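Work through the exercises below with the model open. Each task is followed by a solution in steps.

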Amino acid sequence: MNRYIYILLGLMLCGVLAGCGEAESRARISKAEREARRKADSAALKIGVMPTEDCLPILVAKEKRLFDTLGVDVRLRKYHALSECREALEKKRVEGAVIDSTLMKELKDKGQNLEGAMSTNLTWKFLTARKSRITRLAQLSDKFIAADSHGDSHVLASKAIDSLVMKKKMHIFIIQVEDPAVRLDMLTNGNIDAALLPEPFATIAQKRGARWIKEVKSSPRGVLAMRSEALKHKTRQQQLSLFKKAIGMANDSIRRFGREKYSELLNY
């Protein structure tokens with residue numbers, strides 16, 4: 001009887017040891033996989049984007065695997081606000097990010113070494129809430145306007161009201177709401193009186209009854225800002241060249257099939 005007990009205990013011990021061996025093997029493989037993924041991510045070209053229409057060609061290129069076709073590993077970091085793209089550049093989480101030229105200049109003035117790799121069609125519309133019944137800038141007295149904390153939308157908002165404040169002694173307040181989706185909801189729910197919005201948020205707001213104040217003009221000011229440090233390396237330069245080529249192909253596809261076909265890519 002004791003003999004069988006010893007045999008049983010021996011088999012159980014072997015099972016435990018085998019299980020430990022398998023667990024250690026899995027841990028080693030997992031660690032190796034994590035390191036391999038880390039190295040691949042480090043070598044890839046990482047670009048920060050937002051769910052705005054100027055980023056659509058980049059999202060289309062990724063969706064249609066145009067980067068893969070050209071042999072370049074591009075990894076998109078999807079953010080929801082310009083402030084997040086700014087932080088990603090500052091903390092070197094990405095090699096580049098789609099922002100606006102005003103924000104890029106502000107970052108460069110603060111010591112960030114950035115270069116504009118290509119322009120984008122980022123624009124803003126100055127919109128007022130349906131409930132506010134504001135159709136002209138002159139009606140903005142004691143009103144609240146939402147914009148980014150930095151960059152071109154904040155500049156546009158400031159310029160739009162500066163002359164009114166100086167000439168007519170109005171009190172107009174700019175509040176910082178970084179996420180354009182939040183700005184959109186605040187505007188259409190009547191929580192604020194006006195907002196600067198990029199596309200497609202501006203068109204959505206108009207469909208919900210917001211009014212476009214055409215007195216405020218916005219020309220395309222978007223830019224793909226790249227960290228100068230990243231562009232020093234030949235491999236990065238080659239990646240960027242292929243990235244631009246893929247964007248050209250994506251723009252051709254957008255022109256052929258229309259922006260509406262790819263609009264769902266902005267809903268992340």
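Two strands count as paired if DSSP finds at least two bridges between them. Keep in mind that this is a predicted model.

**Exercise 1. Lay out the open sheet of 5 strands: give its order and its edge strands.**

Step 1. Read the order. The open sheet runs E7-E6-E8-E5-E9. The pairing is mixed.

Step 2. Find the edges. Strand E7 (173-176) and strand E9 (211-212) each pair on one side only. These two are the edge strands.

Step 3. Recall the principle. Strands of a sheet pair through backbone hydrogen bonds, either parallel or antiparallel.

Step 4. Apply it to one pair. Strand E5 (residues 124-128) and strand E8 (residues 194-198) run antiparallel. They are joined by 5 bridges. Within this pair, Trp 124 has Pro 198 in E8 as its bridge partner.

**Exercise 2. Place helix H7 against the strands.**

Step 1. Locate the helix. H7 covers residues 180-188.

Step 2. List what it crosses. The helix lies across E5, strand E6 (144-147), E7 and E8.

Step 3. Give the angle. H7 runs at about 140 degrees to E8.

**Exercise 3. Describe the surroundings of Asp 193 and decide which charged side chain of opposite sign is nearest.**

Step 1. Place the residue. Asp 193 sits in the loop between H7 and E8.

Step 2. Check burial and charge. Asp 193 is buried but has no salt bridge. Lys 143 is the nearest side chain of opposite charge, 4.5 Å away. A salt bridge needs the side-chain nitrogen within 4 Å of a carboxyl oxygen, so this pair does not qualify.

Step 3. Look for a polar partner. A polar atom of the Asp 193 side chain lies 2.8 Å from the backbone nitrogen of Phe 144.

Step 4. Collect the contacts. Beyond four places in sequence, Asp 193 touches Leu 127, Thr 128, Ala 129, Ser 132, Ile 134, Lys 143, Phe 144 and Leu 187.

**Exercise 4. Is Asp 152 buried or exposed, and which residues does Asp 152 contact?**

Step 1. Place the residue. Asp 152 belongs to helix H6 (residues 152-168).

Step 2. Apply the cut-off. Buried means under 20% relative accessible area. Asp 152 has 7% relative accessibility, so Asp 152 counts as buried.

Step 3. List the contacts. Leaving aside neighbours within four places in sequence, these are Asp 100, Thr 102, Trp 124 and Arg 221.

Step 4. Return to the sheet. Trp 124 is the residue whose bridge partner in E8 is Pro 198.

Terms used
Residues numbered from 1 in each chain as written. Predicted model: local features only at pLDDT ≥ 70, side-chain atom pairs only at ≥ 80, totals over all residues. Heavy atoms only, no water. Helix = DSSP H or I, 4+ residues; strand = E, 2+ residues; numbered from the N terminus. Contact = heavy atoms within 4.5 Å. Axes fitted to C-alpha atoms, helices over the stretch in contact; angles between N-to-C directions. Buried < 20%, exposed > 50% of the residue type's maximum accessible area, 1.4 Å probe, protein only. Lys, Arg positive; Asp, Glu negative; His and termini not counted. Polar contact = N/O pair within 3.5 Å; in protein donor to acceptor, adjacent residues only side chain to side chain.
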